[in-house]
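Welcome! Please have a look at the chain below, then work through the exercises at your own pace.

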Amino acid sequence: MATRKVVLKEDPILRKQSRTVTKFDERLWELLDDMAETMYADEGVGLAAVQVASLKRAIVVAIQDGRGITELINAEITHREGTQYEIEGCLSIPGEYYETIRPEKITVEYDDRYGEHHVEDAEGFRAVCYCHEIDHTNGILFLDRLNPEPHDREELEERARKRRAEKQPTVK
Ligand SMILES: [Zn+2]
């Protein structure tokens, strides 16, 4: 395993569509392992392959809810429900945190690293993370999801502080 260089906001690759993964082989596993290491090294809670300059539809997510790391290959959101607001950041956009609008609940379909298909319902912070990372695979950044009428910043920042105190940093 090795860390890889995270591409930054200005890099045009972040606006590209990632491609469907068809080979669930050692090259993919190495990429996923490197992505996890890179995410942990930068204290992120999620990372998409495009952020390490690979246009594969591959995502890693690790939030502090006891589940450990989740790998999502070829992830698609098939259902969205409700609305939630969250202050998001991104490893490719360091130092910028803004309030976004996201669905409260989603259904996501994805393959795991062995090509096995999964259907999962996610809500709350996990749903935000999935949406953020799946957007990356479609060339969309959280800056495209900003709430035009942000809430009281203090209230949301208090929640973000709490999350950090629980060692659960804001979405990357
Ligand atoms: Zn991001």
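Four exercises follow, each with a worked solution.

This is a predicted model: local features need pLDDT of at least 70, side-chain atom pairs count only at pLDDT 80 or more, and totals for chains, interfaces and linings use all residues. Residues are numbered from 1 along each chain as its sequence is written.

**Exercise 1. Describe the overall make-up of the protein chain.**

Step 1: list the elements. Helices (H or I, at least four residues) and strands (E, at least two) are DSSP runs, numbered from the N terminus. The protein chain has three helices and seven strands, and their order from the N terminus is α-β-β-β-β-β-β-β-α-α.

Step 2: look at the extent. The C-alpha trace spans about 45 × 30 × 30 Å along its principal axes. The radius of gyration is taken over C-alpha atoms, and the globule rule is 2.2 Å times the number of residues to the power 0.38. For 172 residues a compact globule would come near 16 Å, and the protein chain agrees with its 15 Å.

Step 3: look at the contacts. Two residues are in contact if their C-beta atoms, placed from the backbone, lie within 7 Å. Of the contacts between residues at least 6 apart in sequence, 68% join residues at least 24 apart.

**Exercise 2. Trace how β2, β3, β6 and β7 pair.**

Step 1: recall the rule. Two strands pair if DSSP finds at least two bridges between them.

Step 2: start at β2. This strand pairs with β3 (residues 70–81) in the antiparallel sense over four bridges, and Ala-58 has Ile-73 in β3 as its bridge partner.

Step 3: move on from β3. Six bridges link β3 and β6, again in the antiparallel sense; here Glu-81 is partnered by Lys-105 in β6.

Step 4: finish at β7. Strands β6 (residues 105–111) and β7 (residues 117–123) run antiparallel and are joined by seven bridges, with His-117 in β7 as the partner of Asp-111. The two strands form a hairpin with five residues between them, and Gly-115 in the turn has a positive phi of about 90 degrees.

**Exercise 3. Compare the settings of Glu-43, Ala-53 and Leu-14.**

Step 1: set the cut-offs. A residue is buried if 20 or more other C-beta atoms lie within 10 Å of its own, exposed if 12 or fewer, and partly exposed in between, with C-beta atoms placed from the backbone.

Step 2: take Glu-43, in the loop between α1 (26–41) and β1 (46–48). Glu-43 is exposed because 12 other C-beta atoms lie within 10 Å. Its phi is positive, about 60 degrees, although it is not a glycine.

Step 3: take Ala-53, in the loop between β1 and β2 (58–61). With 13 other C-beta atoms within 10 Å, Ala-53 is partly exposed. Ala-53 is not a glycine, yet has a positive phi of about 70 degrees.

Step 4: take Leu-14, in the segment before α1. Leu-14 is buried because 20 other C-beta atoms lie within 10 Å. Beyond its neighbours within four places in sequence, its contacts include Val-50, Ser-92 and Leu-141.

**Exercise 4. Find out what builds the largest nonpolar core.**

Step 1: define the core. A nonpolar core is a set of buried Ala, Val, Leu, Ile, Met, Phe, Trp, Tyr and Cys residues joined through C-beta atoms within 7 Å.

Step 2: name its central members. Of the 34 residues in the largest nonpolar core, Met-35, Ile-59, Val-60, Val-61, Cys-129 and Tyr-130 touch the most other members.

Step 3: find the contributors. Two or more residues come from each of α1, β1, β2, β3, β6 and α2 (124–137), and α2 gives the largest share, seven residues.
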